[in-house]
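Colleague: I am new to this model and would like a close look at one part of it, the aromatic rings. Could you walk me through them slowly?

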Amino acid sequence: MSITDPISDMLTRMRNALMVRYDHVLVPSSKMKIGIARILRKEGFIRDYESIDSNGPKKEVKIYLSYSDEGEPLIKGLKRVSKPGLRVYVNKGEIPTYYGGLGTSIISTSKGLMTGKQAWIDGIGGEILLYVY
């Protein structure tokens, strides 16, 4: 079965794993998903990630989810913005803040994946992939 939006699939798997308090989640690997996981780790939303070889022909990414001392997930929400049917692009001056500045937007730019804050500092725009808070 083919997945039409692999990034949404990754976010849904993470949301479902967070709801049942799993320690980690496996998602099919791609450069984009590894880049998103790298940013989530850098921003402190997940503990870590690793690329693993599965028994089949495809590689997977194992994302280790992070929880507070009380057992609450550090990721409160994941929202996909740009979808295959409706791409959302912003210029350097239009990069939005999300969740009162507490959330992070992940943007695909000509210089690679980066947070909205880093894109604003670098003065470049791109496609808004998702918001995480």
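Which residues do ring pairs link into a cluster?

Modeller: Happy to! The ring pairs join Y98, Y131 and Y133 into a cluster. Before we look closer, please keep in mind that this is a predicted model, in which local features need pLDDT of at least 70 and side-chain atom pairs count only at pLDDT 80 or more, while totals for chains, interfaces and linings use all residues. Residues are numbered from 1 along each chain as its sequence is written, and side-chain values use heavy atoms, with hydrogens and water left out.

The count comes to 2 aromatic pairs (Phe, Tyr or six-membered Trp rings with centres within 6.5 Å; stacked if the planes are under 30 degrees apart, edge-to-face if over 60, tilted for the rest). Take Y98 and Y131 to begin with: their ring centres lie 4.0 Å apart and their planes meet at 10°, so this pair is stacked. The pair connects distant parts of the chain, 33 residues apart. Y98 sits in the loop between β5 (89-90) and β6 (104-109), whereas Y131 belongs to strand β8, residues 126-132 (strands are DSSP E runs of at least two residues, helices H or I runs of at least four, numbered from the N terminus).

Now stay with Y98 and turn to Y133. Here the ring centres are 5.4 Å apart and the planes are at 55°, so the pair is tilted. Y133 lies in the segment after β8, 35 residues from Y98, and this pair too links distant parts of the chain. Y98 takes part in both pairs.

How covered are these tyrosines? With a relative accessibility of 19%, Y98 counts as buried (under 20%; exposed is over 50% and partly exposed in between, with a 1.4 Å probe and protein chains only). Y131 is buried as well, at 11%. Y133, at 23%, counts as partly exposed.

Let us follow β8, the strand that holds Y131, to one of its neighbours. β8 is among the elements that cover the buried residues of helix α2, by contact (heavy atoms within 4.5 Å). Others include α1 (6-19), β1 (24-28), β2 (46-53), β6 and β7 (112-115). The residues of α2 that are buried are K33, G35, I36, A37, I39 and L40. This helix has 12 residues, 31-42, and should span 16 Å (1.5 Å times one less than its number of residues). Its end C-alpha atoms are 16 Å apart, which agrees. Just after α2, G44 takes a positive phi of about 90°.
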